[in-house]
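Biologist: I would like a close look at one part of this chain, the nonpolar core, and at how the rest of the fold is arranged around that part. Please take the time to give one connected account.

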Amino acid sequence: MSDRARLPLVLGGHSLGGTAAALAACAHDGRFAGLLLAATPITARQLEPVGLDLGDLDAERRRTPSERVDPQALRSAWDLLADRFPVLSLPVMFVHGMGDTIVPARENHTWAARLKHADFIGFHGARHDVLNAPGHRRVATTIADFVLAAALDAARPAST
C-alpha cells in the first residue's frame with residue numbers, strides 16, 4: 001500500500017453530486033475524514049412535475065430540454081438519507097448560497113444544527129451555484145480550510 005492510500009479522504013459534492021456524496025458517506029460511515037456539501041438537497045423534496053429547471057442555478061444560465069432531473073429517480077435515496085444521515089459520525093460542512101431557490105439555505109442550516117459535528121456557512125449574494133458565485137474565492141477558502149482541518153484531525157493518532 002502506498003503512502004497516498006493512507007491519506008485521509010474528505011468526500012464532497014455540489015447539489016445532487018452532494019446528495020450522492022452524502023449517500024456514500026452513509027453507506028461507509030467511518031471511512032471518510034469529512035463530508036463537504038455545497039447547496040445539497042438532503043431532505044426529500046417535490047421537484048416540479050417535469051423535472052428541475054436548471055435556469056434557477058444563476059441569473060445568466062438558461063436551461064436546455066436535456067438538462068432535467070427526473071423527480072422520481074431520487075425516492076430511494078431520500079429514504080436512505082432519512083434513515084442514516086442524522087446519525088453520521090464524521091464532520092460535515094454545508095456551504096450554501098443564501099439566495100438559493102432550488103435548495104433553500106434554511107434546510108441545510110437546520111441539518112447542520114441537528115448533526116453532532118456539522119457547520120453551516122451561508123454566502124450572501126450567491127444562489128444555487130455557490131461554487132461559482134460572486135465571492136467564490138471566499139467559498140473556496142472556506143472549503144479548503146474545512147478539508148485541511150478534517151484531514152489533519154483524522155490523521156492525528158487517537159489518544160490513549
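To begin with, what pattern does the chain follow when read along the sequence?

Modeller: What is shown here is a predicted model, and read along the sequence its chain follows the pattern β-α-β-α-β-α-β-α, with four helices and four strands. The four strands form an open sheet in the order 1-2-3-4, and the pairing is parallel. Strand 1 (10–14) and strand 4 stand at the edges with a single partner strand each, so one side of each of these two strands has no neighbour in the sheet. From one strand to the next, the twist averages 10 degrees. Strand 1 and strand 2 run parallel and are joined by five bridges, and within this pairing leucine 11 has leucine 35, in strand 2, as its bridge partner.

Leucine 35 leads directly to the core you asked about, since the largest nonpolar core has 23 residues, and Leu35, Leu37, Phe85, Leu88, Val92 and Phe94 are those with the most contacts inside it. At least two residues of this core come from each of helix 1 (16–27), strand 2 (34–38), helix 2 (75–84), strand 3 (92–97), helix 3 (105–114) and strand 4 (118–123). Helix 1 gives the most, with five residues, and this helix lies across strand 1 and strand 2, running at about 150 degrees to strand 1.

Phenylalanine 94 deserves a separate description: leaving aside its neighbours within four places in sequence, this residue is in contact with Leu37, Ile42, Phe85, Asn108, Trp111, Ala112, Leu115, Ala118, Asp119, Phe120 and Ile121. Apart from the largest core lies another one, of 13 residues, among them Leu36, Ala38, Ala133 and Ile143.

For the chain as a whole, 41% of the 160 residues count as buried, and among the contacts with a separation of 6 or more, 70% are accounted for by residues 24 or more positions apart. The accessible surface comes to about 9,300 Å², of which 54% belongs to carbon and sulfur atoms.

Turning from the cores to charged side chains, a search of the whole structure finds one salt bridge, formed by arginine 156 with aspartate 153, whose closest N and O atoms are 3.0 Å apart. Arginine 156 has a relative accessible area of 52% and is therefore exposed, the cut-off being over 50%, whereas aspartate 153, at 48% relative accessibility, counts as partly exposed.

Methods:
Residues are numbered from 1 along each chain as its sequence is written. This is a predicted model: local features need pLDDT of at least 70, side-chain atom pairs count only at pLDDT 80 or more; totals for chains, interfaces and linings use all residues. Side-chain values use heavy atoms; hydrogens and water are left out. A nonpolar core is a set of buried Ala, Val, Leu, Ile, Met, Phe, Trp, Tyr and Cys residues joined through side-chain atoms within 4.5 Å. Buried means under 20% relative accessible area, exposed over 50%, partly exposed in between (1.4 Å probe, protein chains only). Contact means heavy atoms within 4.5 Å. Accessible areas come from the Shrake-Rupley method with a 1.4 Å probe; for residues, only the protein chains shown count as cover. A salt bridge is a side-chain nitrogen of Lys or Arg within 4 Å of a carboxyl oxygen of Asp or Glu. Two strands pair if DSSP finds at least two bridges between them. Axes are lines fitted to C-alpha atoms, for helices over the stretch in contact, and angles run from 0 to 180 degrees between N-to-C directions.
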